[in-house]
Amino acid sequence: MTKDLQTPNDKLIETAAKEDPAALTLEEREALLKKKEADLSKKESEIEASKVNLRFRYKLYDRVNVSVKTMNIVIVVLVIALLLLVAYGIYDARN
Amino acid sequence: MEKAIAKSKVDKRKVSEFLLTYALYFILGIILLVVIIIEPKFLSLTNLINILKQASTKGILALGCAGLIVLAGTDLSLGRILGLSAAVTASIVQSVTYASRYYPQITKPVPLIVPLLVSIVIATAISAFNGFGVAKLHLHAFIVTLGTSLIAYGITCIYVENQAMGSAMALSTFDLRFTNIVNGTIKLFGVQIPYVILYFFLASFIMYIIWNKTTLGKNMFAVGGNEEAAAVSGVNVTKTIMGVYIIAGIAYGIGAFLEAARVQSVSTSTGFNYELDAISACVIGGISFSGGVGNVPGIMVGVIILQAINYSLYYLDVNAYLQFIVKGVIIILAVSIDVRKYLKRK
């Protein structure tokens, strides 16, 4: 329930609740509680909707599932490959 | 005794950790050292200026692209956007005395601000389209930018082929004012420095300010690091993503203008594979594909190192096809190191 939809009576109840909650009648308290519950469920559904939207955006590494040790081996192998490639390239160019 | 053994183990672990984290810099440094030992002339001032000059336009592109990688995205259309913007720029700045110019109706030299603005507008429009796809339609950056890459390439081919001559001849013979704006030099500390290098440093400084001193920059890191948390904290995710894509577009537009002047001949193949150079320079420079990590000095170092390797292999006359393989391995190695850092943080 947005503030625009509030009746003057709702506003009065809310102000009174802030000033002195004990002064409200049972009906007024129930009405206020219902209103707060409605607000809360609306906000919850908004957050859920934004979460669903965000779930579509995934990051490149989200599915990476290897150990650091494995990556160490991969890095060492790639470093050796790179050095061998450059060495071969230079050797090839000079012969 | 036990304490000493434990300490030496910790030290060894620290050293191996350091070596693995900075493996790429060490390897690239070793390669450069080997090249210098084989060809000591490589270390001449002319070569260093050439490396910086070639790195400059790619550096400006990398600065634009880096923001998108910080957002955990990427840009595969960068090269083709540059090609299109450069082609349009080239067609406008052809010398008015050149008989086969693209626009024979241009009889007086156009103020250089016009092709620059046209280049920026074209690049920004395509980049903003990419941003819309990512921010609003929630498409992955790979898909959107792959699509726009092909669209931009198609438009470039049609545009270049649409010459009065009726052929896909490269656009060349530019107004001298245009080529001088990049290839002209200024004497600093007794050294002739091409203007384009100064533009690169200026662009880097501006990008540094945007990244570190503006709300957009801070929001960019927040969205790249954790989009959900940023959204909950009140960051306008859509606006931030669009802003970063627009800034990237402006960088591409400026890069295209400068590249056209640098190469002095623009064809349909201009910009081919530039995206790979820009992305790999970013990754070498420490911009993480996981998002939210990176800095401008890192990009500058990445661009210059990558260009130095390219230039040195070319200088030593290493087989051109082998150079592609070396570049590919460097990219995979850079990403592997990045993944390792990501796993460590996790």
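Among contacts in chain B between residues at least 6 apart in sequence, what percentage join residues at least 24 apart? The figure is 78%, where two residues are in contact if their C-beta atoms, placed from the backbone, lie within 7 Å.

## Basis

This is a predicted model, in which local features need pLDDT of at least 70, side-chain atom pairs count only at pLDDT 80 or more, and totals for chains, interfaces and linings use all residues. Residues are numbered from 1 along each chain as its sequence is written, while chains are lettered from A and ligands numbered from 1 in the order in which they are written.

## Chain B overall

Chain B contains 14 helices and two strands; these are DSSP runs numbered from the N terminus, helices being H or I of at least four residues and strands E of at least two. The C-alpha trace spans about 85 × 55 × 40 Å along its principal axes. The radius of gyration of chain B is 22 Å, which agrees with the value near 20 Å for a compact globule of 346 residues; it is taken over C-alpha atoms, and the globule rule is 2.2 Å times the number of residues to the power 0.38.

Of the 346 residues, 47% are buried, meaning that 20 or more other C-beta atoms, placed from the backbone, lie within 10 Å of the residue's own.

## Core and helix H12

The largest nonpolar core (buried Ala, Val, Leu, Ile, Met, Phe, Trp, Tyr and Cys residues joined through C-beta atoms within 7 Å) has 108 residues in chain B. Leu61(B), Ala62(B), Cys65(B), Cys282(B) and Ile299(B) touch the most other members. Helix H11 (residues 237–263) of chain B gives the most to this core, with 14 residues. Beyond its neighbours within four places in sequence, Cys65(B) is in contact with Asp75(B), Leu78(B), Ala248(B), Ala278(B), Ile279(B) and Cys282(B).

Helix H12 (residues 274–284) of chain B has 10 of its 11 residues buried, so it is largely enclosed by the rest of the structure. The buried residues of H12(B) include Glu275(B), Asp277(B) and Cys282(B). Their cover includes H2 (23–38), H3 (45–70), H4 (78–92), H13 and H14 (320–345) of chain B. Just after H12(B), Gly286(B) takes a positive phi of about 95 degrees.

## Contact between the chains

In chain A, 25 residues are in contact with 32 residues of chain B. On the chain A side, the elements giving two or more residues are helix H2 (26–55) and helix H3 (68–94) of chain A, and H3(A) gives the most, with 16 residues.

Methods:
Buried ≥ 20, exposed ≤ 12 C-beta atoms within 10 Å, placed from the backbone.
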